[in-house]
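Subject: Structure handover

Hi,

Here is the structure I promised to pass on. Please open it alongside this note. My findings follow below.

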Amino acid sequence: MSMTDVLIVGAGPTGLVLACDLARRGVAVRIVDRSPAPPRTSRAKGPNPRSLEILDDLGVAEEVLAAGSAPLPMLKYRDRRPVAEADPWADSAPSPDARYDRGWLIAQWRLEGILRDRLAGYGVRVEPGREVVGLAQGHDGGHVDVTYADGPAGRARYVVGCDGAHSSVRKLLGITFEGTTAEDQVMVCGDVDLADGVLDRTRWHQWFDEDGAVMLCPIPGTRTGWWFQAGPERDGRGRPLAPTADGFRRLLAHHTALPGRDLTRAELLSTYRVNVRMADRFRAGRVLLAGDAAHVHAIAGGLGMNTGIQDAFNLGWKLGLVLAGHADAELLDTYEEERLPVAARTLDLTSERLRATLEAIRRPGGGLDTAITPDTTGLGVGYRWSSLAAGDRTPQAERPGPHAGDRAQQPEQPGPRAGDRAPDAPCADAATGVRTRLHRVFAGPRTTVLGFGPGSAAVLRETADAYGGGAGVRVCRVYAAHEDRAGAEPGAVVDDAGHASAAYGTGASGDTGAGTVVVVRPDHHVGVLGPADDARSVREYLRRLHGTGRSAERSPGMVDAVR
């Protein structure tokens, strides 16, 4: 029976991001999906700013931006007449520490196609029509035997269920999926074509009346395609009716000034009910859950697909380091430790945003802009409570709870703390002067050690000596504009405008003294931030993730994490 390192079950955005991240690490990965062909679904409207950073790291952000469009202003109607317009992003702009200030509109099927193409570039293709019906973890604890509905069985060192809210993997593990389904909160959805020119495609149109609603958002990359969402038609007993093309036409005619015949095509019809559920654990031995298989929540804020993408980015580097033999398998426990509280917080956040939105649309001029808040960007999510937040002195009150993962609710101090997202900053290559930014320095499947100030030279040199080459660690000296850069190390950057020192709270990085050292995990979160003369903290942290470096004995047959 053939063995693969990681079997991913489910080829939606979560599974594809995980597969791409593992494949670029040289991990032997398979990804299967029960559907006989890629589903053409448009449920998710696109990545939020944090997901765009992840897609940028994977090398596909520019293609995603080109294939989609910026989020649109919302035109709200009452009794068929426009009554208000809102642009939730009017006052936002990219900042030095965050290149992406807003999400992006792109059909989910188009995003999945871009990710499948990226994955194919690593020699890995989705295997369609492969339904997993059995999982058995080996008695020696070293593998999982996988049974399919059709075809030969398989074996994997790890299995990750990314197979959605009705996850077969979760059910086979017997993991509970506690929560609620709001049977009265129902929406019908679909992709439709409208007659050319009947609606302005530079707006997201939203009709909210006392007896229902219709929302139409143009699908980027199409001439006449729109996302259609509406309150359902109901029968004589008030029960929601299943969506149909004719039903969509009736809803359109009832709520808008358009005749039903202007809706010329309707497909991918579905009924959405508000589900708020979460698995009680994200790992059972060598099987893990991610995305909707682990948590589902209200649609408000558009965090469903995004939370799954961010699950995958948290898990991928950890699996890679364990499979490479650098880190102990216990590192995988930090996936649940970090992401389960974030999922719990997301359930709370989206439920609250849904409540606020339902309240807002009762009044003329209210609309979906109510669901958009700084929390929905994903940029404030961090893991200060994590055992991987080395040396953090976060008080117990800030550890996992109803608001875990929400940095905005915690007392702020200059610069990030261990566990937080590592800020971006524009800078220049020290050798060539070419413009770059810190997130480009971080990009790729490696841990980064940043050094600010002359005092950081020793710890950077020690790290390079121990881990240079194939151990998955890189060092980067960040020079202040006034520092002498003669003999600058390859990969060093110049903080010519002071944005990096401001973002990391290091003061003037060219000052004398100990300097500052920052260890940035492969998923752009801070592991260590402290004085550069504390080489011991850096050494111990890197040893946990990457072993002892060049002197480590590597087990035969292990995957090279940076190949």
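How many residues does helix α12 have, and how far does α12 reach from its first C-alpha to its last? Helix α12 has twelve residues, 535–546. The reach is 16 Å, close to the 16 Å expected at 1.5 Å a residue. Bear in mind that this is a predicted model.

**Two helices that pack together**

Start with the buried residues of α12. They are A535, V538, Y541, L542, L545 and H546. They sit on the same side of α12, because they cover an arc of only 135° around the axis. What do they pack against? Their partners are two helices, α7 (304–323) and α10 (457–467), and the strands β18 (447–452), β19 (473–480), β21 and β22. Just after α12 comes G547, with a positive phi of about 70°.

Now turn to α10. Its buried residues are V459, L460, T463 and Y467. Seen down the axis of α10, these fall within an arc of 100°, so they line one face of the helix. The face turned away from that buried side carries R461 and D465, which are exposed. The buried residues of α10 pack against α12, and also against β18, β19 and β21.

**The cavities**

The structure holds six cavities of 30 Å³ or more. I looked at two of them.

The largest cavity holds about 70 Å³ of space. Which residues line it? The lining is R50, I54, Q310, F313, N314, R339, G378, V381, Y383, D523 and H525. Helices α2 (49–57) and α7 each supply at least two of these residues. The largest share comes from α7, with three residues. By class, this lining has four nonpolar, four polar and three charged residues. Helix α7 thus turns up twice: it lines the largest cavity, and the buried residues of α12 pack against α7.

The second largest cavity holds about 60 Å³. Its lining is E53, D56, D57, R99, Y100, D424, R437, H439, R440 and H524. Here α2 and α9 (438–442) each supply at least two residues. Helix α2 gives the most, with three. What is the make-up of this lining by class? It has seven charged, two polar and one nonpolar.

**Two residues with positive phi**

Most residues other than glycine have a negative phi. Two residues here are worth a look on that score.

One is H524. Its phi is near 70°, a positive value in a residue other than glycine. H524 lies in the loop between β21 (516–520) and β22 (526–531). Is H524 buried or exposed? H524 counts as buried, because its relative accessibility is 1%. H524 also belongs to the lining of the second largest cavity. The strands on either side of its loop, β21 and β22, are among those that the buried residues of α12 pack against.

The other is R80. Its phi is near 75°, again positive in a residue other than glycine. R80 lies in the loop between β3 (74–78) and β4 (81–86). R80 is partly exposed, with a relative accessible area of 42%.

**Where to look**

For a quick tour, begin at the buried side of α12. Go on to α10, which packs against α12. Then visit H524 in its loop between β21 and β22, and look into the second largest cavity from there.

Best wishes

Note on methods
Residues are numbered from 1 along each chain as its sequence is written. This is a predicted model: local features need pLDDT of at least 70, side-chain atom pairs count only at pLDDT 80 or more; totals for chains, interfaces and linings use all residues. Side-chain values use heavy atoms; hydrogens and water are left out. Helices (H or I, at least four residues) and strands (E, at least two) are DSSP runs, numbered from the N terminus. Buried means under 20% relative accessible area, exposed over 50%, partly exposed in between (1.4 Å probe, protein chains only). The expected span of a helix is 1.5 Å times one less than its number of residues. The arc is that of the directions from the helix axis to the C-beta atoms. Contact means heavy atoms within 4.5 Å. On a 1 Å grid over the protein atoms alone, a cavity is a set of points where a 1.4 Å probe fits but cannot get out, and a pocket is an open set with protein on both sides within 12 Å along at least five of seven lines; lining residues have an atom within 4 Å of a point. Grid points are joined across faces, edges and corners, and a volume is the space filled by probe spheres set on the points. Ala, Val, Leu, Ile, Met, Phe, Trp, Tyr, Cys and Pro count as nonpolar, Asp, Glu, Lys and Arg as charged, and the others, Gly among them, as polar.
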